[in-house]
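Here's a short tour of one protein chain, written for someone just getting started with structures. Take a look at the model first, then read on.

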Amino acid sequence: MSDEKNEKLENDEEIKEETAETAGTEEEAPAEAEAPAEAEVVTEEPQKDDESAKLKEQLMRTMAEYDNYRKRTAKEKTEMMPDITARVVSEFLPVLDSLERALTAECSDEGYKKGVEMIHGTFLETLEKLGVEKVPTETFDPSMHQAVQQVQSDEHETGQIVSVFQNGYRIGNKVLRFAMVSVAQ
């Protein structure tokens, strides 16, 4: 029986060793399975950082482009404003001429004449707010006046304006309409 017991003990020890070996491999197997996962995590970190950096750079570029666009359109708007104002005011100048002719016409109704004067005054104030001013008409300047007639005059020096047929207007240095004048010879 002692042989049987010895055999049984040897078998039990063999089973324990196999179990231990199997358990050892099972413990190592998960560790080996975890090792590649750690390697992947390590390799994904730089990829995520690279992708994050690319997206951040793209965002910064887009923000810079938008800021440049905003500045460019604001500058264009500022540059276009005088031209737009000049175009619109030029369309209203014939109305101003009509008001000025109405003021010089004979009228028996003082209330009517006063109303036209008030409208004319309001119109001139509005033009002044927009930066519109009359072209000076003392000395002839071909950049602001259009000479439609030359007149012999002993009272005026050569090149001086004798009479104004139609007033000229300007915004800053930009002439909206040339003044039509007669010039002394």
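## A busy arginine

Let's start with one residue in what is a predicted model. Arg177 sits in strand β5, which covers residues 174-177. Is Arg177 buried or exposed? Its relative accessible area is 14%, and anything under 20% counts as buried, so Arg177 is buried.

What does Arg177 touch, if you skip its neighbours within four places in sequence? The contacts are Leu93, Pro94, Asp97, Val135, Gln166, Asn167, Gly168 and Tyr169. Two of these names come back when you look at polar partners. The side chain of Arg177 makes a polar contact of 2.6 Å with the side chain of Asp97, and the Arg177 side chain also reaches the backbone oxygen of Asn167 at 2.9 Å.

## A three-stranded sheet

Now for a sheet. Three strands make up an open sheet in the order β2-β6-β3, and the pairing is mixed. β2 (145-151) and β3 (161-166) are the edge strands: each has a single partner strand, so one side of each has no neighbour in the sheet. From one strand to the next, the twist averages 30°.

Zoom in on one pair. β3 and β6 (residues 179-184) run antiparallel and are joined by 4 bridges. If you want to find one bridge pair yourself, try Val164, whose bridge partner in β6 is Val181.

## A serine in a loop

Next stop: Ser143, in the loop between β1 (132-134) and β2. Its relative accessibility is 44%, which lands between the 20% and 50% cut-offs, so Ser143 counts as partly exposed.

Ser143 has a polar contact with Asp141, side chain to side chain, at 2.9 Å. Leaving out residues up to four places away in sequence, Ser143 touches Val175 and Phe178. You can also check a distance across the chain: Lys174 is 31 residues from Ser143 along the sequence, and their C-alpha atoms are 9.9 Å apart.

## A helix with two sides

Helix α2 runs through residues 110-129. How far should its 20 residues span at 1.5 Å a residue? The expected figure is 28 Å, because you multiply 1.5 Å by one less than the number of residues. The end C-alpha atoms turn out to be 29 Å apart, which agrees.

Which residues of α2 are buried? They are Val116, His120, Phe123 and Leu127. These buried residues cover an arc of only 60° around the axis, which means they lie on the same side of α2. Flip to the other side of α2 and you'll find exposed residues: Glu110, Gly111, Lys114, Met118, Glu125, Glu128 and Lys129.

The ends of α2 deserve a look too. Asp109 caps the N-terminal end, with a side-chain oxygen 3.2 Å from the backbone nitrogen of Gly111. After α2 comes Gly131, which has a positive phi, near 90°.

## The whole chain

Time to zoom out. The chain's secondary structure adds up to 2 helices and 6 strands, and along the sequence they follow the pattern α-α-β-β-β-β-β-β.

How much of the chain is buried? Of its 185 residues, 16% count as buried. As for contacts between residues at least 6 apart in sequence, 60% of them join residues at least 24 apart.

Note on methods:
Residues are numbered from 1 along each chain as its sequence is written. This is a predicted model: local features need pLDDT of at least 70, side-chain atom pairs count only at pLDDT 80 or more; totals for chains, interfaces and linings use all residues. Side-chain values use heavy atoms; hydrogens and water are left out. Buried means under 20% relative accessible area, exposed over 50%, partly exposed in between (1.4 Å probe, protein chains only). A polar contact is a pair of N or O atoms within 3.5 Å; within protein, one must be able to donate a hydrogen and the other to accept it, and residues adjacent in sequence count only if both atoms are side-chain atoms. Contact means heavy atoms within 4.5 Å. Two strands pair if DSSP finds at least two bridges between them. Axes are lines fitted to C-alpha atoms, for helices over the stretch in contact, and angles run from 0 to 180 degrees between N-to-C directions. The arc is that of the directions from the helix axis to the C-beta atoms.
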